[in-house]
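Here is a quick walk through one protein chain, written to be read with the model open beside it. Let's start from a single side chain and work outwards.

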Amino acid sequence: MVLLKVIDGSGSNARDTRQARELDWSILMARAQDGDRVAYHRLLTEISPFLRSLATPRLRDGADVEDAIQDILLTVHAIRHTYDPARPFAPWLVTIAKRRLVDRLRGWGRIRRREVAMEREHEAVAEPQSDTGLDGHHLQAAVETLPPAQQKALRLVKLQDMSLKDASHASGMSVVALKVNVHRALKNLQRLFSDRIQP
């Protein structure tokens, strides 16, 4: 077993720290290949911040970064048997991480080429038709031409948006009678307006 170099605060530098960390990862991965679950868990825990530092400058937001880290960790798990314990672990990990990040960026590029941003003209809401000559006064006048039962049913259910049960209590009509009167009122109004709109 290789002992890790102990680095004190006064004599350490960034390179020594990085080398010690990478040596530690190589040892942990070799142990993981031998079935040491504790070493494997520790390795995955320790490399996650390193992977985050690789992914953060390349990806858009935190969720993308975390997804990328999970993707890289899954790849490491899937191909961990290919790691050669005689070689340093960090370059092997960095190669995997860069390939996974490039795959994600290419995937987004493909999505952007296929998708089109929604513009106002793509909205499916119809513009109000102003050339029909129909307005609230015309509608009110048309409703007043309907038989009284149809007028009442239409006003309560469609214009006042009451439930059939509440409209039944308010009008004294049964729910079935309300439905029939609303249906007949709408058919009559449709016929009336279509006659007015046609040239």
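Leaving aside residues up to four places away in sequence, Val76 touches Met29, Tyr40, Trp92, Leu93 and Ile96. Keep in mind that this is a predicted model. Val76 is found in helix α3, and with a relative accessibility of 0% it counts as buried, since the cut-off for that is under 20%. One of its partners deserves a second look: Ile96 is 20 residues from Val76 in sequence, yet the two C-alpha atoms are 7.5 Å apart in space.

Right next door in the numbering is Thr75, which also has its place in helix α3, the stretch of residues 62–78. How buried is Thr75? Its relative accessibility is 14%, so it counts as buried too. Again not counting residues up to four places away in sequence, Thr75 touches Ile96 and Arg100. Ile96 therefore turns up in the contacts of Thr75 and in those of Val76.

**Two helix pairs**

Now zoom out to the helices. Two packed pairs are worth setting side by side:

| Pair | Axis distance | Crossing angle |
|---|---|---|
| α2 (residues 37–55) and α3 | within 10 Å | roughly 135° |
| α6 (residues 148–159) and α7 | 9 Å | about 140° |

Take α2 and α3 to begin with. At roughly 135° between their axes, α2 and α3 are oblique to each other, and their crossing is right-handed. On the α2 side, the contact is made by Tyr40, Leu44, Ile47, Ser48, Leu51, Arg52 and Ala55. From α3 come Val65, Glu66, Ala68, Ile69, Ile72, Leu73, Val76 and His77. Sorted by type, the residues of this contact divide into 11 nonpolar, 2 polar and 2 charged. Val76, our starting point, is among the α3 residues here, and Tyr40 of α2 is one of the residues Val76 touches.

What about α6 and α7? With an angle of about 140°, α6 and α7 are likewise described as oblique to each other, and α6 passes α7 in a right-handed crossing. Here the contact involves Lys152, Leu156 and Val157 of α6, together with Leu164, Ala167, Ala170 and Ser171 of α7. These residues divide into 5 nonpolar, 1 polar and 1 charged.

**The two sides of α7**

Which residues of α7 are buried? In this helix, residues 164–171, they are Ala167, Ser168 and Ser171. Looking down the axis of α7, these buried residues fall within an arc of 105°, so they line one face of the helix. The face turned away from that buried side carries the exposed residues Lys165, His169 and Ala170. Put this next to the α6 contact: Ala167 and Ser171 take part in it and are buried, while Ala170 also takes part but is exposed. After α7 comes Gly172, with a positive phi near 85°.

**The whole chain**

Stepping right back, the secondary structure comes to 8 helices and 0 strands, and along the sequence the pattern reads α-α-α-α-α-α-α-α. The chain has 199 residues, of which 29% count as buried. As for how far contacts reach along the sequence, take those between residues at least 6 apart: 54% of them join residues at least 24 apart.

Terms used. Residues numbered from 1 in each chain as written. Predicted model: local features only at pLDDT ≥ 70, side-chain atom pairs only at ≥ 80, totals over all residues. Heavy atoms only, no water. Buried < 20%, exposed > 50% of the residue type's maximum accessible area, 1.4 Å probe, protein only. Helix = DSSP H or I, 4+ residues; strand = E, 2+ residues; numbered from the N terminus. Arc of directions from axis to C-beta. Contact = heavy atoms within 4.5 Å. Axes fitted to C-alpha atoms, helices over the stretch in contact; angles between N-to-C directions. Parallel < 35°, antiparallel > 145°, perpendicular 65-115°, else oblique. Left-handed = near helix turned anticlockwise from the far one by under 90°. Nonpolar A, V, L, I, M, F, W, Y, C, P; charged D, E, K, R; others polar.
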